[in-house]
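Me: I have a sequence and its model open side by side, and I would like to go through some of the residues, pockets and cores with you. Could you take my questions in turn and reason each one through before giving the answer?

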Amino acid sequence: MSGDGRPVVSVLGATVDEPPPGIEPAQELADLRYAGGHDDVAGAIADADAIFSWGGRRAWLEDAFATATRLRWIQAASDGVDGLLFPALAASDVVVTNARGIFDDPIAEWAIAAMVAFTTGLHTSVVDQTRGVWTDGRRRDRVAGQHLVIVGPGPIGRATATRARALGMTVEAVGRSQRTDEVLGPVAGPEGFHAALGRADHVVDALPLTEATRAMFDASAFGAMRSTAHFVNIGRGATVDEDALIDAIRSGAVAGASLDVFVQEPLPPESPLWSMPTVTVSPHISGDVHDWEEAVVGVFVDNLRRFVVGDPLRNRVDVRVGFGVG
């Protein structure tokens, strides 16, 4: 606590001159310490009760973590926390919360747009326009009646399923265990993964990145898909073996892909994905609507109010598995 009894909160990846938008209410609840770069972190977190990881990198916190002797809570500014967690943090008693709920609908809308564009051939028309080519007489499919398989039945997967069904699509889901979900219905476990892929017109990867999901979409997964299938990744880049995806598209084992996340970001200029005609490359912006920053800060401020009075925090993450628990 600071001298006036308020908690000390370190804001990583921001400065006093360029704070996160809408953070002013937090200044009334806590003593904010800003760390704009790696060298500022150790001093900023040494007496911190909490951290708001606004724009900091994992290495910043990992390198200085031993100095944070009073730390009890970390608020992430993203839904996924794979870019924040490290072994010492996972082994500690520090509570981690994320920004779950902010990005669900925007990312789901992006996934729907990707599936509609691919099905209607809109992506091909855009390419033709840049070449000045008029291609008439081209037939297209309809989204209505197509089958969607969502791998990763979390909030983003549920939001995508709701919108897909409204368009007349059928939906099934695959998760880490077999169960019934109130939105998705029956959810298959890992043992049903490949069989579900074989039924899909579209496959949406909405997985968090954990040790269990790393490179889950490998050559065998793409080999299980129909040659007409469209792969959409709105989860994490490293859940995909990109070389296997490239090989599958080149060989015709998979029809194409719409990708918002990649193993390496920015996507390297030499990646074949840039020039593949049935691949759409999006620079990790599927959730970046105009007011997302203010909305994320709002989650932090709400949790800070809870932290001050000792109430349960929103969006707690199970650091052992790497995604939300409540």
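Me: In this predicted model, which side chain is joined to the side chain of T119 by a polar contact of 3.1 Å?
Reply: T119 lies in helix α5, and, leaving out residues up to four places away in sequence, T119 touches R140, D141, R142, V143, Q146 and one further residue, H202. The polar contact of 3.1 Å joins the side chain of T119 to that of H202.

Me: Is T119 buried or exposed?
Reply: The cut-off for a buried residue is a relative accessible area under 20%. T119 has a relative accessible area of 8%, and therefore T119 counts as buried.

Me: Which element gives the largest share of the lining of the second largest pocket?
Reply: The second largest pocket has 15 lining residues, and F118, T119, T120, G121 and D141 are the ones that lie nearest its centre. Two elements, α5 (104–120) and α6 (122–131), give two or more residues to this lining. The largest share is three residues, and the element that supplies them is α5.

Me: How many residues in the lining of the second largest pocket are charged?
Reply: The second largest pocket has a volume of about 280 Å³. Its lining divides into one nonpolar residue and nine polar residues, and the number of charged residues is five.

Me: What is the length of the polar contact between the side chains of S282 and D260?
Reply: S282 is placed in the loop between β13 (279–281) and α11, and because its relative accessibility is 6%, S282 counts as buried. Leaving aside neighbours within four places in sequence, S282 is in contact with W110, L259, D260 and F262. With D260 there is also a polar contact between the two side chains, at 2.7 Å.

Me: With which side chain does the side chain of S220 make a polar contact?
Reply: S220 is found in helix α9 (residues 219–224), where its relative accessibility of 38% means that S220 counts as partly exposed. G237 stands 17 residues from S220 along the chain, and the C-alpha atoms of S220 and G237 are separated by 17 Å. The polar contact made by the side chain of S220, at 2.7 Å, is with the side chain of D218.

Me: What is the volume of the largest cavity?
Reply: The structure holds one cavity of 30 Å³ or more. The residues lining the largest cavity are N233, G237, V240, E242, L245, L259, V261 and L273, and by class this lining has five nonpolar, two polar and one charged residues. The volume of the largest cavity is about 40 Å³.

Me: Which residues touch the most other members of the largest nonpolar core?
Reply: In soluble globular proteins, nonpolar side chains tend to be buried together. The largest nonpolar core here has 44 residues, and the elements that each supply at least two of them include β1 (8–12), β2 (31–35), α5 and α11 (292–309). When residues up to four places away in sequence are not counted, F300 touches V9, I23, A26, F52, W73 and Q75. The members that touch the most others in this core are I23, F52, I234 and F300.

Me: How many residues make up the other core, the one to which V174 and F262 belong?
Reply: This core lies apart from the largest nonpolar core, and among its members are V174, V203, I249 and F262. The number of residues in this other core is 29.

Me: What is the phi of N315?
Reply: Most residues other than glycine have a negative phi. N315 is placed in the loop between α11 and β14 (317–318), and its relative accessible area of 9% is why N315 counts as buried. Although N315 is not a glycine, its phi is positive, at about 60°.

Me: Where does A215, with its positive phi of about 55°, lie?
Reply: A215 is not a glycine, although its phi is positive. With a relative accessible area of 31%, A215 is partly exposed. A215 lies in the loop between β10 (202–205) and α9.

Me: Which residue is joined to P266 by a cis peptide bond?
Reply: Most peptide bonds are trans. P266 is placed in the loop between β12 (256–259) and β13, and the cis bond there has an omega of about -5°. The residue that this bond joins to P266 is E265.

Technical notes: Residues are numbered from 1 along each chain as its sequence is written. This is a predicted model: local features need pLDDT of at least 70, side-chain atom pairs count only at pLDDT 80 or more; totals for chains, interfaces and linings use all residues. Side-chain values use heavy atoms; hydrogens and water are left out. On a 1 Å grid over the protein atoms alone, a cavity is a set of points where a 1.4 Å probe fits but cannot get out, and a pocket is an open set with protein on both sides within 12 Å along at least five of seven lines; lining residues have an atom within 4 Å of a point. Grid points are joined across faces, edges and corners, and a volume is the space filled by probe spheres set on the points. Helices (H or I, at least four residues) and strands (E, at least two) are DSSP runs, numbered from the N terminus. Ala, Val, Leu, Ile, Met, Phe, Trp, Tyr, Cys and Pro count as nonpolar, Asp, Glu, Lys and Arg as charged, and the others, Gly among them, as polar. A nonpolar core is a set of buried Ala, Val, Leu, Ile, Met, Phe, Trp, Tyr and Cys residues joined through side-chain atoms within 4.5 Å. Buried means under 20% relative accessible area, exposed over 50%, partly exposed in between (1.4 Å probe, protein chains only). Contact means heavy atoms within 4.5 Å. A polar contact is a pair of N or O atoms within 3.5 Å; within protein, one must be able to donate a hydrogen and the other to accept it, and residues adjacent in sequence count only if both atoms are side-chain atoms.
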